[in-house]
Amino acid sequence: MKHWRISLTGGEGETVAFDCPEGVSIHAAARTAGFRLRVACGSGGCGICAAELVNGQVDYVSPISAAKIEGCPARAVFLCRATPTEDCCIKTDWQWAVVDKAPLSRRMAINQQGK
Ligand code: FES
């Protein structure tokens with residue numbers, strides 16, 4: 001199974017990176033890596049998880065609301081349903097939360113070992 005590297009920059013410039021397996025949503029991969037993204041419906045219908053795809057490519061694990069994505073900037077991506085098809089850099093204007101209580105440096109080291 002392929003793994004893609006996701007670099008995520010939050011609303012205050014904080015950056016983390018984690019792996020996302022092929023076919024898994026970026027939201028689910030972030031959660032596994034210990035980060036909680038801003039997600040509400042989780043089904044591609046509300047647009048609250050929209051972020052900017054700075055570079056890379058994504059596909060969607062299931063359909064998203066065409067009406068919601070039409071109102072977003074051209075490089076918008078819905079993280080609850082997007083799955084990468086290559087390494088991606090993503091920027092949000094909101095902050096993600098740390099779920100795992102381990103220090104960030106330890107989580108990053110663990111994440112690096114799993115690659
Ligand atoms: S959380 Fe609703 S579209 Fe992603």
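Which residue in β8 is the bridge partner of leucine 53? Keep that in mind as you click around; the tour comes back to it.

**Stop 1: the whole chain**

Start with everything shown as a cartoon, and remember that this is a predicted model. You should be able to find three helices and nine strands. Going along the sequence, the elements come in the order β-β-α-β-β-β-α-β-β-β-β-α. The chain has 115 residues, and 28% of them count as buried. Of the contacts with a separation of 6 or more, 61% link residues 24 or more positions apart.

Now colour by pLDDT. The chain average is 86, and 86% of the residues score at least 70. Among the elements, helix α3 (residues 104–113) has the lowest mean, 56, while β8 has the highest, 97.

**Stop 2: the sheet**

Hide the side chains and look for five strands in an open sheet, ordered β2-β1-β8-β4-β6, with mixed pairing. Click on β2 and β6: these are the edge strands, each with a single partner, so one side of each has no neighbour in the sheet. From one strand to the next, the twist averages 40°.

A quick reminder while you look at this: strands of a sheet pair through backbone hydrogen bonds, in either a parallel or an antiparallel way.

**Stop 3: strand β8**

Select residues 88–91, which make up β8. Which of its residues sit on the covered face, and which on the uncovered one? Cys88 and Ile90 are on the covered face, and Cys89 and Lys91 are on the uncovered one.

Next, add strand β1, residues 3–9. It runs parallel to β8, and four bridges join the two. Show isoleucine 6 and you'll find that its bridge partner in β8 is cysteine 88. A little further along, leucine 8 stands opposite isoleucine 90.

Now bring in β4, residues 50–55. β4 pairs with β8 in the antiparallel sense, over three bridges.

**Stop 4: leucine 53**

Time to settle the opening question. Select leucine 53, which is found in β4. Its bridge partner in β8 is isoleucine 90, the residue that leucine 8 also stands opposite.

Is leucine 53 buried or partly exposed? It has 19 C-beta neighbours inside 10 Å, so it counts as partly exposed; being buried takes 20 or more. Leaving out residues up to four places away in sequence, leucine 53 touches Val58, Arg75, Val77, Cys88 and Ile90. Try a distance label too: leucine 53 and threonine 92 are 39 residues apart in sequence, with their C-alpha atoms 8.9 Å apart in space.

**Stop 5: out to β6**

Stay on β4 and turn to its pairing with β6 (76–78). Three bridges join these two strands, which run antiparallel. For a pair to show as sticks, pick glutamate 52, which stands opposite alanine 76 in β6.

While you're there, select phenylalanine 78. Not counting residues up to four places away in sequence, it touches Gly44, Gly47, Cys49, Ala50, Ile64 and Ile69.

**Stop 6: helix α1**

Swing round to α1, residues 26–33. Six of its eight residues are buried, so the helix is largely enclosed by the rest of the structure. Those to select are Ile26, His27, Ala28, Ala29, Ala30 and Ala33. Just after α1, glycine 34 takes a positive phi of about 105°.

**Stop 7: the core**

Finish with the largest nonpolar core, which has 24 residues. Show Ile6, Ile26, Ala29, Ala30, Val77, Phe78 and Leu79, the ones that touch the most other members. At least two core residues come from each of β1, β2 (15–21), α1, β4, β6 and β8. Which element gives the largest share? That's α1, with five residues.

Definitions and conventions:
Residues are numbered from 1 along each chain as its sequence is written. This is a predicted model: local features need pLDDT of at least 70, side-chain atom pairs count only at pLDDT 80 or more; totals for chains, interfaces and linings use all residues. A residue is buried if 20 or more other C-beta atoms lie within 10 Å of its own, exposed if 12 or fewer, and partly exposed in between; C-beta atoms are placed from the backbone. Two strands pair if DSSP finds at least two bridges between them. A nonpolar core is a set of buried Ala, Val, Leu, Ile, Met, Phe, Trp, Tyr and Cys residues joined through C-beta atoms within 7 Å. Two residues are in contact if their C-beta atoms, placed from the backbone, lie within 7 Å. Axes are lines fitted to C-alpha atoms, for helices over the stretch in contact, and angles run from 0 to 180 degrees between N-to-C directions. pLDDT is the predictor's confidence in each residue, from 0 to 100.
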